[in-house]
Every structure is written in structure tokens, then in C-alpha cells.
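This report walks a new reader through one protein model, from its overall make-up to a few individual residues. Please keep the sequence and the structure at hand while reading.

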Amino acid sequence: MFVFTGLVCVGALIARRVVRPRSTEGIGDEELVDITHTVMSAAMILMTWAAVLDAVTWAQVALFAVFALALIPNFRRAHGLAHRVDLVGHVAMNAAMIWMLAAMPLLMAGMDMGDDAGSAHAGHHESGHEQGLTATPVWGDVVNGLFIVVCAIGALWWLYRSATARGHRLHSGCHALMAAGMAAMLWLMNA
């Protein structure tokens, strides 16, 4: 899923900047969204397959914060309600990504990661493995639930856009898939 979303956004970025360049001025909001989703796709793949150092996680948090902040000034140039809602959705997805990265240890605190996870406690307590697991605090569950809802609403919005908008159907479908994938990942991290 995330390989597909990344490839769609890279393809759109190449088409805009190389194949059919419209402007030589800075990066527009469409290009910024493509860059954001490409990086987001790579981060989701990395998150799924590898544990990274805290410094890498916080670098990603900073990067997605920059992406979100860079999209905000584009509201003034946005043409039409749909474009503004798209921008809100992209900012919200960046916020969800920041939450996912920052809260991953908190959300996954109660998960059993296999026999090795509790082995350090096994010698000290008869049931050390069970005592080593902690539950996610209620506030963490609530915030996570809100981000799941936000991502699900985003997925529904972009499905609607994909079905009703002229052009950009693949792009809107890609955004819907990314939002749905993020909602699923947040749910799985806290399941």
C-alpha cells in the first residue's frame, strides 16, 4: 500500500517538475504534498519493518512538522472549498504522522513482543514478563482514537474526491489509501 502511494506521488512530482514544468518558481502546494506523501510513504514502510534510533524518529517528527507548517500559508492561495479541505486534510495527516512517531512507544507499551521482551524481568519475578507490560494510558488511547477518526474522515473525503473530481482521480485515490493506511496503522499500534 505504501509503496503504491509513494510511487504515485513520485510520478506526479516528476510529471510536474520534469515532464511538464509549469513554473520555475519555488515549490507549489501540489509539489509539497507530493514530497510529503513520498516521505510519509517511506516512513510508514520503515516504521513497519525496522526499529530506528530515537534521533531518527525525532528527525522525522521535525520533518513532518516542517511539512505541516509549510502547507499552512497555501490556504490564502487555495481556490475553492475543495482545495482548502484538501490542504486541511494534508496538514491533519502530517499531524497524525507526528503523533504516530512520537507516541509509538506509548501506544505499543502493552504489546507482547515475544519471549525476549520480558526475559530481563523473568529472573527477578515469577511472573516478570506479565509485570513488564504496561497499558497505554487512557489519554493516549483517546488521542490515538481521535487521529484514527481524522485519518478515516480524510480517507472518505479523498474517496469522494476521487469519485467526483475531474482529473487527479489516481492522486485522490492515493491520498485516500494513505489516510486509510495510517488509520489502520494507528489502530494496530494500539490494538
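Two residues are said to be in contact when they have heavy atoms within 4.5 Å. Among contacts in the protein between residues at least 6 apart in sequence, 74% join residues at least 24 apart.

## Overall make-up

The model described here is a predicted one. Its secondary structure comes to eight helices and zero strands, and the order of elements from the N terminus on is therefore written α-α-α-α-α-α-α-α. Of the 191 residues in the protein, 37% are buried, while the protein exposes about 10,900 Å², with carbon and sulfur atoms supplying 69% of that area.

## Helix α3 and its two faces

Helix α3 covers residues 54–71, and its 18 residues should span 26 Å at 1.5 Å a residue, which agrees with the 26 Å that separates its end C-alpha atoms. Its buried residues are Thr57, Gln60, Val61, Phe64, Phe67, Ala68 and Leu71. Seen down the axis of α3, these buried residues fall within an arc of 125 degrees, so they line one face of the helix. In general, an α-helix has 3.6 residues a turn, so residues three or four places apart point the same way.

The face of α3 turned away from the buried side carries the exposed residues Ala55, Val66 and Leu69. On the buried side, what covers the residues of α3 includes α2 (29–49) and α4 (81–107).

## Helix α2 and a residue of α1

Helix α2 has 21 residues and reaches 30 Å from its first C-alpha to its last, close to the 30 Å expected at 1.5 Å a residue. Among the buried residues of α2 are Asp29, Glu31, Asp34 and His37, together with Met40, Met44 and Met47.

Arginine 17 lies in helix α1, which covers residues 2–19, and this arginine is partly exposed, with a relative accessible area of 35%. Arginine 17 and glutamate 31 are 14 residues apart in sequence, and their C-alpha atoms are 8.2 Å apart in space.

## The largest nonpolar core

The largest nonpolar core has 35 residues, and those with the most contacts inside it are Met44, Met47, Met97, Met100 and Met182. At least two residues of this core come from each of α2, α3, α4, α7 (138–164) and α8 (169–189), and α4 gives the most, with ten residues. As a general tendency in soluble globular proteins, nonpolar side chains are buried together.

Methionine 182 shows which parts of the chain meet here: leaving aside its neighbours within four places in sequence, methionine 182 is in contact with Phe2, Met40, Met44, Met93, Ala96, Met97, Met100 and Cys151. Cysteine 151 is itself buried, with a relative accessible area of 1%.

## Cysteines and a residue of α8

Why does cysteine 9 form no bond with the closest cysteine sulfur? That closest sulfur, in cysteine 174, is 3.8 Å from the sulfur of cysteine 9, which is too far for a bond, because a disulfide calls for sulfur atoms within 2.5 Å. A search of the whole structure accordingly finds zero disulfides. Cysteine 9 counts as buried, at 0% relative accessibility.

Leucine 188, in helix α8, is partly exposed, with a relative accessible area of 48%. Leucine 188 and leucine 107 are 81 residues apart along the chain, and their C-alpha atoms are separated by 9.4 Å.

Notes
Residues numbered from 1 in each chain as written. Predicted model: local features only at pLDDT ≥ 70, side-chain atom pairs only at ≥ 80, totals over all residues. Heavy atoms only, no water. Helix = DSSP H or I, 4+ residues; strand = E, 2+ residues; numbered from the N terminus. Expected span 1.5 Å × (residues − 1). Buried < 20%, exposed > 50% of the residue type's maximum accessible area, 1.4 Å probe, protein only. Arc of directions from axis to C-beta. Core = buried A, V, L, I, M, F, W, Y, C linked by side-chain atoms within 4.5 Å. Areas by Shrake-Rupley, 256 points an atom, 1.4 Å probe, with all protein chains shown as cover.
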